[in-house]
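Trainee: Please show me how to read the pockets, cores and strands of a model like this one.

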Amino acid sequence: VALLREALEEHDYAYYVLAAPTISDRAYDKMMHELQQLEAAHPEYADPNSPTQRVGSDLTKGFTQVAHRIPMLSLSNTYSEDEVREFYNRVARTLDEPFEVVAELKYDGISISLIYEHGLLVRAVTRGDGVRGDDVTANVRTIRSIPLRLRGEGWPERLEMRGEVLLPWAEFERLNREREAQEEALFANPRNAAAGTLKLQDPRIVDSRRLDAYFYYVLGENLPADNHYDNLQAAREWGFKISNYIRLCRTPDEIMDYIAYWNRARHRLPVATDGIVLKVNALRQQRALGLTAKSPRWAIAYKFQAERAETR
């Protein structure tokens, strides 16, 4: 049982996070079936974090409201490159010392907070109003790119990972084809589809929608590094899906180059994005910059201009 669980976790990581499967679907299904049979024959080895438990058989009885230990604040938004430069200059004036900015893609999905204790996923909570959110743990467990058990070493005993639950473009189009064939209303966009899916009462339907997730912030005591960039790289080793397109910027011009590139290149991505997020890298400097009532002073979101298209 232990060997099969370990092997299936490795194959899940290779397939859903690395996008580099190491065995065929048939071989994977055979291993999963064998594990299901063994667990049924030996209930004394039950484990809620077994790969077989990603899809529950019971309906979720509503969602419990859970308070965030640290509020999930929204970011200040801008559509102006001039305001991005002003953000950079304001940080420079306040810190009055060298600093780096981490530039990341802003994924267009549903914000989620995952809580891990001793390396195991114990809770998944939506952003909600930033102070409280819905406990959607049963549904999040069905997302194959989210680790139920952390890999490697060096993670805090209590870890919070914040990220975005998404519906990839290919799955969005597949779902709409199916809904059209069944004469059901089509989803307007991947974000709405992901939001609706995460609030469904049946995890089996959630599993069939093939949601994905990317993570962008690490919270916890005794983190590996005192900077955001290195902590994200550590989280990648722990099994989280972290964007490959994060860039460390040291000048405003480097930030503008990043924005200009992704304003064009984002159309080639497998998931929807709606902007760029800029964060001061050093956690010490983030603490020095502090927060306003609604948003951190050490981060800003640059939103892409809305696209225009012709229709008939």
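**Reading the model**

Mentor: Start with the lining of the largest pocket, which by class holds 20 nonpolar, 9 polar and 14 charged residues. Here Ala, Val, Leu, Ile, Met, Phe, Trp, Tyr, Cys and Pro count as nonpolar, Asp, Glu, Lys and Arg as charged, and the others, Gly among them, as polar. The model is predicted, so local features need pLDDT of at least 70 and side-chain atom pairs pLDDT 80 or more, while totals for chains, interfaces and linings use all residues. Residues are numbered from 1 along each chain as its sequence is written, and side-chain values use heavy atoms, without hydrogens and water.

Trainee: Which residues lie nearest the centre of the largest pocket?

Mentor: Met 72, Leu 73, Leu 75, Arg 162 and Tyr 216 do, out of 43 lining residues. The volume of the largest pocket is about 1,200 Å³. On a 1 Å grid over the protein atoms alone, a pocket is an open set of points with protein on both sides within 12 Å along at least five of seven lines, a cavity is a set where a 1.4 Å probe fits but cannot get out, and lining residues have an atom within 4 Å of a point. Points are joined across faces, edges and corners, and a volume is the space filled by probe spheres set on them.

Trainee: Which element gives the largest share of that lining?

Mentor: Strand β8 does, with 5 residues. Elements giving two or more residues to the pocket lining are β3, β4 (110-117), β7 (158-166), β8, β10 (273-280) and α10 (283-289). Helices (H or I, at least four residues) and strands (E, at least two) are DSSP runs, numbered from the N terminus.

Trainee: How many cavities of 30 Å³ or more are there?

Mentor: Rolling a probe the size of a water molecule over the atoms shows where empty space is left. The count here is 1 cavity of 30 Å³ or more, and the largest cavity encloses about 60 Å³. Its lining is made of Glu 104, Leu 105, Tyr 107, Tyr 214, Phe 215, Tyr 216, Leu 232, Ile 242, Ser 243 and Ile 246. Both β3 (101-107) and β8 (212-220) give two or more residues to that lining. By class, the cavity lining has 8 nonpolar residues, 1 polar and 1 charged.

Trainee: Is Tyr 107 buried or exposed?

Mentor: Tyr 107 counts as buried because its relative accessible area is 10% (buried means under 20%, exposed over 50%, partly exposed in between, with a 1.4 Å probe and protein chains only). Tyr 107 belongs to strand β3. Beyond four places in sequence, its contacts (heavy atoms within 4.5 Å) are Glu 164, Leu 166, Tyr 214, Ser 243, Val 271, Ala 272, Thr 273 and Asp 274. Tyr 107 and Ser 243 are 136 residues apart in sequence, with their C-alpha atoms 9.8 Å apart.

Trainee: Which residues of the largest nonpolar core touch the most other members?

Mentor: Leu 114, Phe 215, Phe 240, Ile 276 and Leu 278 do, in a core of 69 residues. A nonpolar core is a set of buried Ala, Val, Leu, Ile, Met, Phe, Trp, Tyr and Cys residues joined through side-chain atoms within 4.5 Å. Separate from this is a second core of 6 residues, including Leu 4, Tyr 28, Met 31 and Leu 35. Outside its neighbours within four places in sequence, Phe 215 has contacts that include Ile 112, Leu 114, Met 161, Leu 232 and Phe 240.

Trainee: What is the order of strands in the open sheet?

Mentor: Strands of a sheet pair through backbone hydrogen bonds, either parallel or antiparallel. This sheet of 5 strands has the order β2-β11-β10-β3-β9, with mixed pairing. Strands β2 and β9 (247-249) are at the edges with a single partner strand each, so one side of each has no neighbour in the sheet. Antiparallel β3 and β9 are joined by 3 bridges (two strands pair if DSSP finds at least two bridges between them). In that pair, Val 102 is opposite Leu 248 of β9.

Trainee: How many residues lie between β4 and β5 in their hairpin?

Mentor: There are 2 residues between them, and His 118 in the turn has a positive phi of about 55°. Strands β4 and β5 (residues 120-126) run antiparallel and are joined by 6 bridges. Within the hairpin, Ser 113 sits opposite Val 125 of β5. Both Ser 113 and Val 125 are among the residues that His 68 touches. His 68 itself lies in the loop between β1 (65-67) and β2 (77-78), and counts as buried because its relative accessible area is 10%.

Trainee: Where is Asn 222 found?

Mentor: Asn 222 is in the loop between β8 and α8 (228-237). Its phi is near 55°, a positive value in a residue other than glycine. With a relative accessible area of 71%, Asn 222 is exposed.
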